[in-house]
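Below are my notes on the model you sent, set out as numbered points. They deal with strands, helices and aromatic contacts in turn.

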Amino acid sequence: MRESTRRSENFFMKKNNRVVVGMSGGVDSSVSAYLLKEQGYEVIGVTMQIWQDKDEEAVRVEGGCCSLSAVNDARRVANKIGIKYYVMNFKDVFKEKVIDYFVDEYLKGRTPNPCIACNKYIKFEELLKRAWMIDAYYVATGHYAIKEYDEERRRYLLKKSVDTSKDQTYVLYNLTQTQLEHILFPLGKYKKDEVRELAKNLGLPVASKPDSQEICFVTDNDYGKFIRENAKEEIKPGEFRDTRGRFLGYHKGIIHYTIGQRKGLGISVGKPLYVVDIDAENNVVVLGYGDEVFGDELISYNNNFISIDKLEGEMRVKAKIRYTAKEQDAVIRPLEDGRVFVKFDNPQRAITPGQSVVFYDGDIVVGGGTIERKVR
C-alpha cells in the first residue's frame, strides 16, 4: 500500500485508544498485550493465519510463530488477561509477499530475509489496514524497539531497544512515518528477562516458552527442500568455478549456497574455499579463498529513510549488513537512481545480495535498504 493511500484511508480516522496486538503465541507479544491493557488501551488480540497446508496436522508445529499451537497459546493468554481475540486469514497475501519472494530470491542467487518482508508487507501494512477496518488507531507487536516523536525534526524516530541484545530495529527499517504514527512497541524499554519475569508473575501460560528461531514456514529448517517443492522451475546442478573462471567441480543447485558459505561444498584444493559469488544467469557458484570473501563497498536499493526525509549527500553512519552483525563505521551517499553507495571504513565479511544494510546514528535508525551487490 502506497504512502498516499495510507494517508487517504487514515484522513478521517479520529485518534482513539483501540489497539490491535499481533499475537504470535509467544511471551513477547503476550506481555505486550497485557502492558497495553494496563495502560488503558482497548486491546484486541489478533493472530495471523498464514499456514498454507490444508491438512491441519501438518501445521500443528510447536514453536512456529503462527502455527495452530501458537493460536491455542495466544487464545489462552487473551482469556487470561481478559481481551478480545481473533484469528485473521492472511494466507494469500503471505504467500505472495513472503513465501514467493523467498523462493524467487534464492532462484536468483540471492539470500532473502523473510522476516523483513513479513514486517513490511504483513504486520505493518496488511494488519494495519485491517486494524483500521475495525476502527483501531494502533497496531502493536512484541518487537524490541522504541518509537519516539521528535518535535524539532517533526518526524517519528525509530530507536534501539534498551535491551541491546534483543534489539530488533534491523528488521524494522522499512517503516514509514504514517505507519510509525500508528504503531506501538510496548517492550522497547524492557529487558528480555524482565518480560519473562513479568509473564511468570502474571501466570501467563507462555512464560517459559522458548523464542522461535527458525523461519516459520520452513518447519524442518530445510530451505533447499522447501524451495524445490515451491519453485515453478527445475533446480538444476551447475558448475563451481574459481574467481578466475577455472572449473572446480559441480554443485547441486544455486539455491543451496549463500555468500561466505564454507561447509557442504564438496570441493578440496588444499585450502578452505568459500562461496564468494553466485551467477544465477549462468548457474555458476564462484568459490574463493578467505580474503576474497571480504569487501568494503556495496550498493543498496529499495532504500527507506526514517530519521531523514531523504539522503541529500554524504553522511557518516554506523551500518550493519545482517541482523547478527556488529555495526561498523561507514559513509553513505545517494546515487542518481535512488540507490545508495555504502563505503565501510574496514572490510566486511560476506556482503550478501538480498540481505539488508541498515544505517544508524547512535541509537537512532537512519534507514536502510536491500543489498544489490558488493562493489569491491
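1. Strands E16 (residues 356-361) and E17 run antiparallel and are joined by six bridges. This is a predicted model, and the points here should be read with that in mind. One bridge in this pair sets Phe359 against Gly367 of E17. The two strands form a hairpin with two residues between them. Gly362 lies in the turn and has a positive phi of about 65 degrees.

2. E17 also pairs with strand E12 (residues 294-305), again in the antiparallel sense and over six bridges. Here Leu298 has Lys374 of E17 as its bridge partner. How much of E17 is buried? Of the 11 residues in this strand (residues 364-374), eight are buried, so E17 is largely enclosed by the rest of the structure.

3. A five-stranded open sheet has the order E3-E2-E1-E4-E7, with parallel pairing. Strand E3 (84-89) and E7 stand at the edges; each has a single partner strand, so one side of each is left without a neighbour in the sheet. Within this sheet, strand E1 (residues 18-22) and strand E2 (residues 42-49) run parallel and are joined by five bridges. Val21 stands opposite Gly45 of E2.

4. Another open sheet has four strands in the order E9-E8-E11-E10, and its pairing is mixed. Strand E9 (247-251) and strand E10 (274-279) are the edge strands, each pairing on one side only. From one strand to the next the twist averages 30 degrees. E8 and strand E11 (residues 284-288) run parallel, joined by four bridges. In that pair, Asp242 has Leu287 of E11 as its bridge partner.

5. Phe240 deserves a separate entry. The residue is in strand E8 (residues 238-242). Is Phe240 buried or exposed? Its relative accessible area is 0%, and buried means under 20%, so Phe240 counts as buried. Phe240 and Ile278 are separated by 38 residues in sequence, while their C-alpha atoms are 9.6 Å apart in space.

6. On helix packing, two pairs can be set side by side. Helix H2 (residues 27-38) packs against H7 at an angle of about 70 degrees, with the axes 10 Å apart. H2 and H7 are therefore roughly perpendicular to each other, and their crossing is left-handed. Helix H4 (residues 91-107) packs against H5 at an angle of about 165 degrees, with the axes 9 Å apart. H4 and H5 are therefore roughly antiparallel to each other; the crossing of H4 and H5 is right-handed.

7. The count of aromatic pairs comes to 15. One of them joins Phe124 and Phe185 in an edge-to-face arrangement, at 6.2 Å centre to centre and 80 degrees between the planes. Where do the two rings of this pair sit along the chain? Phe124 is in helix H5 (residues 114-133), and Phe185 is in the loop between strand E7 (183-184) and helix H7 (192-202). The two are 61 residues apart, and the pair links distant parts of the chain. Both Phe124 and Phe185 are buried.

8. Tyr149 and Tyr156 form an aromatic pair that is edge-to-face, with 4.9 Å centre to centre and 65 degrees between the planes. Is Tyr149 buried or partly exposed? The relative accessibility of Tyr149 is 40%, and the partly exposed class lies between under 20% and over 50%, so Tyr149 counts as partly exposed.

9. Ring pairs also build a cluster, which links Phe94, Phe102, Tyr106, Phe217, Tyr223 and Phe226.

10. Two contacts between a charge and a ring complete the list of side-chain points. Arg333 has its charged end over the ring of Phe341, 4.4 Å from the ring centre. Lys320 likewise places its charged end over a ring, that of Tyr323, at 5.7 Å from the centre.

Conventions: Residues are numbered from 1 along each chain as its sequence is written. Side-chain values use heavy atoms; hydrogens and water are left out. Rings of Phe, Tyr and Trp (its six-membered ring) pair if their centres lie within 6.5 Å; planes under 30 degrees apart count as stacked, over 60 as edge-to-face and the rest as tilted. Buried means under 20% relative accessible area, exposed over 50%, partly exposed in between (1.4 Å probe, protein chains only). A charge sits over a ring if NZ of Lys or CZ of Arg is within 6 Å of the ring centre and within 35 degrees of the ring normal. Two strands pair if DSSP finds at least two bridges between them. Axes are lines fitted to C-alpha atoms, for helices over the stretch in contact, and angles run from 0 to 180 degrees between N-to-C directions. Angles under 35 degrees count as roughly parallel, over 145 as roughly antiparallel, 65 to 115 as roughly perpendicular and the rest as oblique. A crossing is left-handed if the near helix is turned anticlockwise from the far one by less than a right angle, and right-handed if clockwise.
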